[in-house]
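Let's take a walk through a protein model together. Keep the sequence and the 3D view open as you read.

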Amino acid sequence: METLGSATVICSDKTGTITENRMTVTELWCDGKRYELSGAADSRRGDLLLDGKKTDPRESETLRAALTCAVL
């Protein structure tokens, strides 16, 4: 029998992140700016938001390069 004597961190997976390999990006820090990504975790639809407003990633060379690297 094993016991849990002095654990300080317990990781659990109810969302499928580990078991189903479904990781979801919700924020992106790039070039000193914080971008948010809207949309459901299981959807390929959503918007890229900067200061709560929809933004086009093509407007920033740095952001576009970061997203290209993330996709590859």
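**Starting from an arginine**

At 33% relative accessibility, Arg34 counts as partly exposed. That's our way in, and remember as we go that this is a predicted model. Arg34 has company: Glu27 joins it in a salt bridge, with the closest N and O atoms 2.8 Å apart. Glu36 meets Arg34 in a salt bridge too, at 3.7 Å from N to O. Put those together and you get Glu27, Arg34 and Glu36 linked in a network of salt bridges. In general, side chains of opposite charge can pair when their charged atoms come close. And how accessible are the two glutamates? Glu27 has a relative accessible area of 38%, so it's partly exposed, and Glu36, at 31%, is partly exposed as well.

How many salt bridges does the structure hold? There are five. One of them ties Lys54 to Asp47, and here the closest N and O atoms are 3.5 Å apart. Lys54 is exposed, with a relative accessible area of 64%, whereas Asp47 is partly exposed at 32%.

Now step back to the sheet. It's an open one, made of four strands in the order 1-2-3-4, with antiparallel pairing. Strand 1 and strand 4 are the edges, each pairing on one side only. Helix 1 packs on this sheet and touches strand 1, strand 2 and strand 3, while its direction makes about 125° with that of strand 1. In the middle of the order, strand 2 and strand 3 pair in the antiparallel sense over three bridges. If you'd like a pair of residues to look for, find Leu37: its bridge partner in strand 3 is Leu48.

How confident is the predictor about what we're looking at? The chain averages a pLDDT of 79, and 68% of the residues score at least 70. Among the elements of the chain, strand 4 has the highest mean pLDDT, 94, and helix 1 the lowest, 88.

Next, have a look at the turns of the chain between strands. Asp31 sits in the loop between strand 1 (27-30) and strand 2 (33-37). Asp31 has a positive phi of about 60°, although it is not a glycine. Why stop for that? Because most residues other than glycine have a negative phi. Asp31 is also exposed, at 56% relative accessibility. There's another aspartate to visit in the loop between strand 3 (48-50) and strand 4, namely Asp51. Asp51 isn't a glycine either, yet its phi is positive, about 55°. With a relative accessible area of 70%, Asp51 is exposed.

Carry on along the chain to the loop between strand 4 (53-54) and helix 1 (61-71), where you'll find Pro57. Thr55 is found in this loop too. Is Thr55 buried or exposed? Its relative accessible area is 19%, which falls under the 20% cut-off, so Thr55 is buried. Leaving aside residues up to four places away in sequence, Thr55 touches Tyr35, Leu48, Leu49 and Leu50.

Pro57, on the other hand, is partly exposed, with a relative accessible area of 26%. Leaving aside residues up to four places away in sequence, Pro57 touches Leu48, Leu63, Arg64 and Leu67. Take Leu67: it is ten residues from Pro57 in sequence, and the two are 8.3 Å apart in space, C-alpha to C-alpha.

Last stop, the cysteines. How many disulfides does a search of the whole structure find? Zero. Cys30 is in no disulfide, and the nearest cysteine sulfur, that of Cys69, is 9.9 Å away. Why no bond between Cys69 and Cys30? Their sulfurs are 9.9 Å apart, and that is too far, because a disulfide needs the two sulfur atoms within 2.5 Å. The surroundings of the two can be compared by accessibility: Cys30 is buried, with a relative accessible area of 7%, whereas Cys69 is exposed at 58%.

Technical notes
Residues are numbered from 1 along each chain as its sequence is written. This is a predicted model: local features need pLDDT of at least 70, side-chain atom pairs count only at pLDDT 80 or more; totals for chains, interfaces and linings use all residues. Side-chain values use heavy atoms; hydrogens and water are left out. Helices (H or I, at least four residues) and strands (E, at least two) are DSSP runs, numbered from the N terminus. Buried means under 20% relative accessible area, exposed over 50%, partly exposed in between (1.4 Å probe, protein chains only). Contact means heavy atoms within 4.5 Å. A salt bridge is a side-chain nitrogen of Lys or Arg within 4 Å of a carboxyl oxygen of Asp or Glu. pLDDT is the predictor's confidence in each residue, from 0 to 100. Two strands pair if DSSP finds at least two bridges between them. Axes are lines fitted to C-alpha atoms, for helices over the stretch in contact, and angles run from 0 to 180 degrees between N-to-C directions.
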